[in-house]
Structures are given as C-alpha cells and as structure tokens.
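The following exercises concern backbone geometry, burial and helix packing. Each task is followed by a worked solution.

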Amino acid sequence: MGLFNNIKNLFKKEEKSEARELTSIKEDNFEKKINDKETEDKKIELYEKGLSKSRNTFVNRLINLNNKTKKITDEYFEELEEILIEADIGVNTVLSFIEKLKKRVKSENITDLNYLQEVIVDELFIIYVDNSILTNKIKFNESGPTVLLFVGVNGVGKTTTIGKIANKIKKSGKSILMVAGDTFRAGATEQLVEWGNRVGCDVVVGRENSDPSSVIYDGITKAINENIDVLLVDTAGRLQNKVNLMKELEKMNKVIGNLIPGAPHETLLIIDATTGQNGISQAKNFKNITNITGIVLTKLDGTAKGGIVLAIKEELDIPVKYIGLGEGINDLETFDIEKYIYGLFKDMM
Ligand SMILES: Nc1nc2c(ncn2[C@@H]2O[C@H](COP(=O)(O)OP(=O)(O)OP(=O)(O)O)[C@@H](O)[C@H]2O)c(=O)[nH]1
Ligand SMILES: [Mg+2]
C-alpha cells in the first residue's frame with residue numbers, strides 16, 4: 001500500500017537489484033552514476049543523522065505503543081494523540097488526524113497493528129502532500145541577479161543558513177554576493193564576513209547602525225555592475241517591535257524592487273525547529289507583514305520535535321525549502337519529504 005511502502009522500497013532496495021541496475025549502465029555514464037549514488041547516499045545519511053533525536057523519542061514511543069497494544073481501543077488513540085502532540089505536530093492537526101484514523105480503522109476493520117503503523121505514517125504525510133503545490137525549488141531570475149532575502153527572529157540561524165546556502169549555490173557554478181543587512185546587532189556584520197571568507201565570496205557591509213536599506217542598495221548596485229548571479233541578504237532579527245519590523249521590511253522590499261523589478265525572488269523565513277509552536281506563531285506574524293515564499297527549518301538535529309514540518313504545512317501552508325541539520329557548512333539539505341519520512345520512520349520499515 002501507499003506512501004509508507006513506496007518509500008520503504010525506494011530506500012531499502014535490495015543490493016541485487018542495484019547491482020543489476022549498475023551493470024546495465026553504459027560505460028561513459030558509469031562514473032557519473034556512481035557519483036550520483038554516492039551523493040544520494042550521503043544525503044540520506046544526513047537525514048538519518050539529523051532526525052535521530054526525533055526518531056529516538058517520537059518514533060520509538062510509537063513503536064512501543066504498538067508493541068504493547070493488543071487491541072485498538074480508545075486508550076490506544078488517546079496515547080497516540082499524546083505522542084503526536086508532543087512531537088509538535090500541532091493540536092488541531094493531531095485532533096483531525098486522530099478522527100480520520102479512527103474512521104479508517106472502523107471502516108476497514110483494521111486489527112493488525114503492523115498495518116495500522118503503516119496507515120499512520122501514510123496518513124501523517126498525506127497531511128503534507130495533500131492539496132498543495134509543493135516546491136522546494138528556489139526561484140531564480142532569468143536575466144540579471146537573483147535576490148534572496150533572509151528573515152526571522154534573532155538566533156534562529158539566518159546568518160548560518162546564508163553561509164550554507166551560499167556554499168551550495170556557489171558549488172553549482174553560480175557567482176554569489178552577500179549583503180550584511182543586519183546593521184543592528186554588534187558583531188553581526190563580522191559574522192557574515194566570516195562566512196563570506198569560508199565560502200569564498202564578497203560581502204557588502206555598512207557601518208554599525210547605518211540604514212540597512214542603504215547597505216542593500218549598495219549590494220544590489222554591485223551585483224548588477226559585476227553581473228553577479230545570486231545575492232543573499234541578511235537582515236536583523238532583533239527589532240524592537242512589529243511596526244518597526246514591518247516598516248524596515250517594506251523599505252527593503254521597495255529598494256530591492258526598484259533596482260531589480262520582480263525582486264526579491266525569494267523571501268525565506270528561518271524557523272528554529274527547537275522552538276516548536278513558538279516558531280509557528282513567529283511565522284504567522286511574519287506572514288502577516290511580508291510575502292514569505294519559503295521556509296528554512298533549522299536545528300532539526302537538536303530536537304525531537306520533527307513533527308513541526310506537518311504543523312508548518314497545516315498552519316502556514318508555506319513550502320519548506322531547506323532544512324538545517326547541524327552547524328557545519330554542509331549541514332543543510334534541500335527539503336525532500338520522502339527522505340524526511342525515511343529519516344524519521346526508518347526503524348519501522
Ligand atoms: N545544531 C544546529 N545549530 C544551528 C543550525 N543552524 C544554526 N545553528 C546555530 O544557531 C546559532 C545562531 O545562528 P545564527 O546564524 O547566528 O542566527 P541568526 O538568526 O543570524 O541570529 P541573529 O543574527 O542574532 O538574529 C549558532 O550557534 C549556529 O551555529 C542547525 O541547523 N543546527
Ligand atoms: Mg545573524
């Protein structure tokens with residue numbers, strides 16, 4: 001059946017069939033295929049490693065519940081509900097999920113707990129993939145520089161994420177430039193410059209407490225003059241209040257859009273997964289004041305609340321484009337729901 005088994009088959013392929021696949025590959029493609037497979041394996045490993053905390057608590061509790069259950073009763077559903085809420089899936093989502101599950105158990109007369117386990121995984125992720133245009137792709141400008149604006153409250157991982165994404169984009173062969181739009185916090189500019197050095201790109205900076213929009217203006221002008229492909233703009237997380245934040249973002253968007261029509265091409269909101277429901281309410285605030293085109297969910301490696309991906313889908317309906325799975329430069333992946341499910345539920349498969 002469904003998603004659960006598809007993913008199981010996708011990632012737990014027998015070696016035999018893989019060998020067969022490799023022998024049928026043409027000579028000149030052979031090396032490339034192997035390299036592709038290696039990077040693919042590395043990606044899966046990163047998901048597995050990054051989601052281990054969630055797996056060890058949330059998923060193990062699910063497995064334990066199913067192991068100790070003899071009969072599917074109301075108590076079973078109550079405990080399941082508790083486990084899901086603690087994984088930060090969001091109360092409303094969990095309640096409607098449980099209702100749906102109860103109905104399915106009744107109508108299909110499900111008594112086999114192994115089968116129920118598959119149904120649970122399937123139904124959980126139907127929440128994510130249902131009725132939505134799910135794109136993890138970054139929208140690039142067809143002619144001229146692409147502008148990516150990074151927003152989010154302080155400490156969520158904006159600057160680190162810029163470093164990681166810049167590194168990925170640069171490796172793909174595009175030229176990049178960073179803009180230190182956080183002129184508010186002392187040390188913020190230095191931190192971005194440090195990332196610029198690590199990645200190997202220029203960073204446009206302004207003086208402390210100077211107008212961030214003027215730094216952004218300088219950055220965009222430089223990007224246009226030097227034919228830079230992608231511009232990554234850092235912003236301050238720590239503004240005194242919502243009105244100030246709104247004004248600031250409005251001004252930045254105006255400056256950016258005046259210089260490059262249609263820009264920013266992406267406004268990426270960074271959410272710290274360890275903050276759970278708090279992160280969701282921050283996101284709602286941002287969504288109200290600016291056009292968020294994607295979410296980067298950071299610090300998934302540091303939390304057992306991997307269910308937050310589902311809450312984001314249900315409560316915000318903004319696609320998750322990247323996930324942060326550690327502090328290192330390579331600890332960022334394009335969000336892939338199938339790898340995510342596998343990383344989370346592999347012990348059940
Ligand atoms: N474990 C883990 N740590 C992360 C991840 N992303 C960022 N961090 C850490 O989170 C901390 C804050 O990251 P920053 O990039 O400085 O956050 P920021 O949003 O720019 O913060 P402000 O500039 O103060 O608003 C740093 O210690 C990062 O190393 C992640 O995916 N996993
Ligand atoms: Mg920062």
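**Exercise 1.** Where is the place of N227? State also whether N227 counts as buried or exposed.

*Solution.* The structure is a predicted model. Step 1: N227 sits in the loop between α10 (212-225) and β4 (230-235). Step 2: the backbone here has a phi near 55°, a positive value in a residue other than glycine. Most residues other than glycine have a negative phi. Step 3: a residue is exposed if 12 or fewer other C-beta atoms lie within 10 Å of its own. N227 has 9 C-beta neighbours inside 10 Å and therefore counts as exposed.

**Exercise 2.** Determine in which loop K299 is found, and whether K299 is buried or exposed.

*Solution.* Step 1: K299 belongs to the loop between β6 and α13. Step 2: K299 is not a glycine, yet its phi is positive, at about 60°. Step 3: the cut-off for a buried residue is 20 or more other C-beta atoms within 10 Å. Because K299 has 23 C-beta neighbours inside 10 Å, it counts as buried.

**Exercise 3.** Identify the conformation of the peptide bond from A263 to P264, and locate P264.

*Solution.* Step 1: omega of this bond is near 0°, and the bond is cis. Most peptide bonds are trans. Step 2: P264 lies in the loop that joins α11 (242-259) to β5 (266-272).

**Exercise 4.** Explain why helix α13 (residues 308-315) is described as largely enclosed by the rest of the structure.

*Solution.* Step 1: the buried residues of α13 are I308, V309, L310, A311, I312 and K313. Step 2: these make up 6 of the 8 residues of α13, so the helix is largely enclosed. Step 3: the elements covering the buried residues include the helices α6 (91-107), α7 (113-129), α12 (277-289) and α14 (337-345), together with the strands β6 (294-298) and β7 (320-324). Step 4: just after α13, D317 takes a positive phi of about 55°.

**Exercise 5.** Describe the packing of α7 with α13 and of α7 with α14.

*Solution.* Step 1: the axes of α7 and α13 are 8 Å apart and form an angle of about 45°. This angle makes α7 oblique to α13. The crossing of α7 past α13 is left-handed. Step 2: L124, I127 and Y128 of α7 meet V309, L310, K313 and E314 of α13. By class, the residues of this contact are 5 nonpolar, no polar and 2 charged.

Step 3: for α7 and α14, the angle is about 150° and the axes are 12 Å apart. Angles over 145 degrees count as roughly antiparallel, and α7 is therefore roughly antiparallel to α14. Here α7 passes α14 in a right-handed crossing. Step 4: α7 contributes V121, F125, Y128 and V129, while α14 contributes I337, I341 and F345. The contact of α7 with α14 comprises 7 nonpolar residues, with no polar and no charged ones. Step 5: Y128 of α7 appears in the contact with α13 and also in the contact with α14.

**Exercise 6.** Which element has the lowest mean pLDDT, and which the highest?

*Solution.* Step 1: the protein averages a pLDDT of 87, and 91% of the residues score at least 70. Step 2: among the elements, helix α2 (residues 15-23) has the lowest mean, 46, and strand β3 (residues 202-204) the highest, 98. Step 3: over residues 22-27 the pLDDT stays under 50, and the model has 2 contacts beyond four places in sequence for this stretch.

Technical notes:
Residues numbered from 1 in each chain as written. Chains lettered and ligands numbered in written order. Predicted model: local features only at pLDDT ≥ 70, side-chain atom pairs only at ≥ 80, totals over all residues. pLDDT = per-residue confidence, 0-100. Helix = DSSP H or I, 4+ residues; strand = E, 2+ residues; numbered from the N terminus. Contact = placed C-beta atoms within 7 Å. Axes fitted to C-alpha atoms, helices over the stretch in contact; angles between N-to-C directions. Parallel < 35°, antiparallel > 145°, perpendicular 65-115°, else oblique. Left-handed = near helix turned anticlockwise from the far one by under 90°. Nonpolar A, V, L, I, M, F, W, Y, C, P; charged D, E, K, R; others polar.
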